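Good morning, and thank you for joining this session. I would like to take you through one structure, and I ask that you keep the sequence and the model in view as we proceed.

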Amino acid sequence: RSMGGQKEYFVFISYSNTDKEWAEWLLDELEHYKLPATFDGRNDVRDNLREVFRDRDELSAGYDWDEQVERALASTSNLVVVCSPSAAQSDAVNREIEIFIKQGKGNRIFPFIVSGDSPKECFPPALSHKKIGGDINKDGSCNKAFAKVVAGILGVSFDSIWQRYEQEKARKEKELREQRNKLYRVQSRLMAEKAQQMIEEGNGLRATLVLMNALPERIDDPEDKPLVAEAERMFRRAMGEKSAVIWIDIHPYNSDYYISNRVLMTHRNDIVSFFNIDTGDCTKMDLNIINLNCRR
C-alpha cells in the first residue's frame, strides 16, 4: 500500500552498522512470520508482519537522508530498535527514535537487545529505559527474544506467540528432516548397488568402505542418516567376504608373488591378480587370453 505516493510499512528496523547481521536476521524473520487468519478467536490480529523497512536497502541514492527516513517513519506503524552498545552511540539510530517519538508513536517502539547488560549500556539516549524489549541473552535465545517483540507489536500475550512459534518451528524442522532423510535413503540405496557390484568383482574391502558412508553412526540419533535395510544387508555381506589379512597360498612350481607401490601381484595357474592394499581393489587377468591376443 502507499499513502500519498509514499509506501506504507508495518515495521521499521533501526540499527547501527555494527549490528547489520542482526538487522538482516530480524528482517528475514519479520517478513516470513505468519499467523493463522483467526488468532485465539480474534479477527483483529494481523496474520503477517510485512512490509518491513530497513534503511540500507530502501533509501535512494542522491536524496536527503533525513527527509527520506522521516517520510518512511511517518508511514510506519512500528519501530524495532536493534539495541547494543554500538546502537547506544549511534547518532543515526537515536535520530530515528527521536523522529518517531515526535510523530506521536513513542508507544510503538520495541527494543530488540542483542548485546549489553543494561538499558543504560545498550539503549540510545532517546529511548526510554523503562521500555521492555526482547533480550537474546536474558530470554535465553534470539527466537524467544523475537517472539517477545512480535507479541508486543501485535498486542497479544507472549505465551500464545511463543507456543505457536515453537510449534511452527518444530513442524518446519520435521519437514526438513523428512526431506533430508528421503535424500539420504536414495543415496544409501545407490551406494548399496555400487557395493554389490564391487563385491561381485572381488573388491570386498572397497565395498565395506563405501557402505560405511551409507550407514548411520548411531541408529538412535535422529540427526544422523536413516538406516537403510539394503545398505545394512550388503555391509554384512561385504564384511563376510573381505579380509584385513592377505593370505597367499604359494606353490613352489606354479605360483609366485610381487609387491610394488602398495600393489600386490600374485600369479597362480595362469591367473595374475593385482590387489591394491589401500583400496581393496582386486583385478584378475588370464595369461592364456593375453597370449592369445598377442599371437593375433
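Let me begin with a question: how do the residues of the lining of the second largest pocket divide into nonpolar, polar and charged? Before I answer, please note that we are looking at a predicted model.

The answer is that 8 residues of this lining are charged, 5 are nonpolar and 1 is polar. The lining of the second largest pocket comprises 14 residues, and the space within the pocket is about 360 Å³. Nearest its centre lie Tyr33, Tyr165, Glu168, Lys169 and Lys172. As for the elements involved, H1 and H8 each contribute at least two residues to the lining. The largest share comes from H8, with 7 residues.

That brings me to helix H8 itself, which covers residues 158-200. The axis of H8 comes within 8 Å of the axis of helix H9, residues 204-214, and the two cross at roughly 170°. With angles over 145 degrees counted as roughly antiparallel, H8 and H9 are therefore roughly antiparallel to each other. On the H8 side, the contact is made by Ser188, Met191, Ala192, Ala195, Met198 and Ile199. On the H9 side, the contact involves Gly204, Arg206, Ala207, Val210, Leu211, Asn213 and Ala214. By class, this contact of H8 with H9 has 9 nonpolar residues, 3 polar and 1 charged.

One residue of that contact merits a separate word. Is serine 188, in helix H8, buried or exposed? Serine 188 has a relative accessible area of 2%; the limit for buried is under 20%, and so serine 188 is buried. Leaving aside residues up to four places away in sequence, serine 188 touches Ala214, Val228 and Ala231.

I turn now to leucine 35, which is found in the loop between helix H1 (20-32) and strand S4 (52-54). Leucine 35 counts as buried because its relative accessibility is 5%. From leucine 35 to valine 45 the C-alpha to C-alpha distance is 8.6 Å, with the two residues 10 apart in sequence.

Finally, the protein as a whole. Its secondary structure amounts to 11 helices and 11 strands. The protein has 296 residues, of which 36% count as buried. Considering contacts between residues at least 6 apart in sequence, 58% join residues at least 24 apart.

Thank you for your attention.

How values were computed: Residues numbered from 1 in each chain as written. Predicted model: local features only at pLDDT ≥ 70, side-chain atom pairs only at ≥ 80, totals over all residues. Heavy atoms only, no water. Axes fitted to C-alpha atoms, helices over the stretch in contact; angles between N-to-C directions. Helix = DSSP H or I, 4+ residues; strand = E, 2+ residues; numbered from the N terminus. Parallel < 35°, antiparallel > 145°, perpendicular 65-115°, else oblique. Contact = heavy atoms within 4.5 Å. Nonpolar A, V, L, I, M, F, W, Y, C, P; charged D, E, K, R; others polar. Buried < 20%, exposed > 50% of the residue type's maximum accessible area, 1.4 Å probe, protein only. 1 Å grid on protein atoms, 1.4 Å probe; cavity = no way out; pocket = protein on both sides within 12 Å on 5 of 7 lines; lining within 4 Å. Points joined across faces, edges and corners; volume = space filled by probe spheres on them.
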